[in-house]
Amino acid sequence: VDLADTVSTTSDNLTAVQLTVTELQNQLDQITKDKAAADKESEELEVQKNDFEKLVGELRRKLKNDDEEHQMKTSQLQEAITSVITDRDNIVRQHTALKEQYSALEQNLASKSDGTEILSEQNRQLQERL
């Protein structure tokens, strides 16, 4: 009787161990599947990270190029403004000089007109004497 109980208990224990092994095997299979999925997702994230880093690099280069272009255009604009100011100053100086020349010409003309009137008067007086 003891042997039969022992065999029965051993058989029950063996069945319980087999169930535990089967359950552990199922858990291991699930863990293996989860790990494979996580590895695949990790690879996809690595690809996305590399693509993102490339995009960031391209954007930085574009920003640098845009900044250099902006600086160049700003410099050209400053040079153009300086040139316009210089041209304006030269025009103002020329205008002032022309006004002074015109004023001198008016004075010269006025003095010649006075001289012409004096000569005309002297000429009339001489003609009267004759």
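Here is a quick briefing on the salt bridges and one nonpolar patch in this structure. Keep in mind that you're looking at a predicted model. A search through the whole structure turns up eight salt bridges, and three of the pairs get a closer look below: K49 with E53, D66 with K62, and R88 with D89. After that comes a nonpolar patch on the surface, built from L77, I81 and I85.

**K49 and E53**
- K49 pairs up with E53 in a salt bridge, and their closest N and O atoms sit 3.9 Å apart.
- That distance makes the list because the cut-off for a salt bridge is within 4 Å.
- Both residues belong to helix 1, which covers residues 2-129, and they are four residues apart, so about one helical turn separates them.
- K49 has 41% relative accessibility, so it counts as partly exposed.
- E53 is also partly exposed, at 44% relative accessibility.

**D66 and K62**
- D66 makes a salt bridge with K62, with 3.1 Å between the closest N and O atoms.
- Here too the two partners lie in helix 1, four residues apart, or about one turn of the helix.
- D66 comes out as partly exposed, with a relative accessibility of 35%.
- K62 has a relative accessible area of 47%, which puts it in the partly exposed class.

**R88 and D89, plus a network**
- R88 bridges to D89, and the closest N and O atoms are 2.8 Å apart.
- R88 is partly exposed, its relative accessible area being 49%.
- That value stays in the partly exposed class because exposed means over 50%.
- D89 is partly exposed as well, at 28% relative accessibility.
- Elsewhere, E46, K49 and E53 are joined into one network through salt bridges that share partners.

**The nonpolar patch**
- L77, I81 and I85 together make a nonpolar surface patch of about 280 Å².
- L77 is part of helix 1.
- With 53% relative accessibility, L77 counts as exposed, because the cut-off for that class is over 50%.

**If you're browsing the model**
- For the network, pick out E46, K49 and E53.
- For the patch, pick out L77, I81 and I85.

Note on methods. Residues numbered from 1 in each chain as written. Predicted model: local features only at pLDDT ≥ 70, side-chain atom pairs only at ≥ 80, totals over all residues. Heavy atoms only, no water. Salt bridge = Lys/Arg side-chain N within 4 Å of Asp/Glu carboxyl O. Helix = DSSP H or I, 4+ residues; strand = E, 2+ residues; numbered from the N terminus. Buried < 20%, exposed > 50% of the residue type's maximum accessible area, 1.4 Å probe, protein only. Patch = residues over 30% accessible without salt bridge, like charges linked within 9 Å, V, L, I, M, F, W, Y side chains within 5 Å. Areas by Shrake-Rupley, 256 points an atom, 1.4 Å probe, with all protein chains shown as cover.
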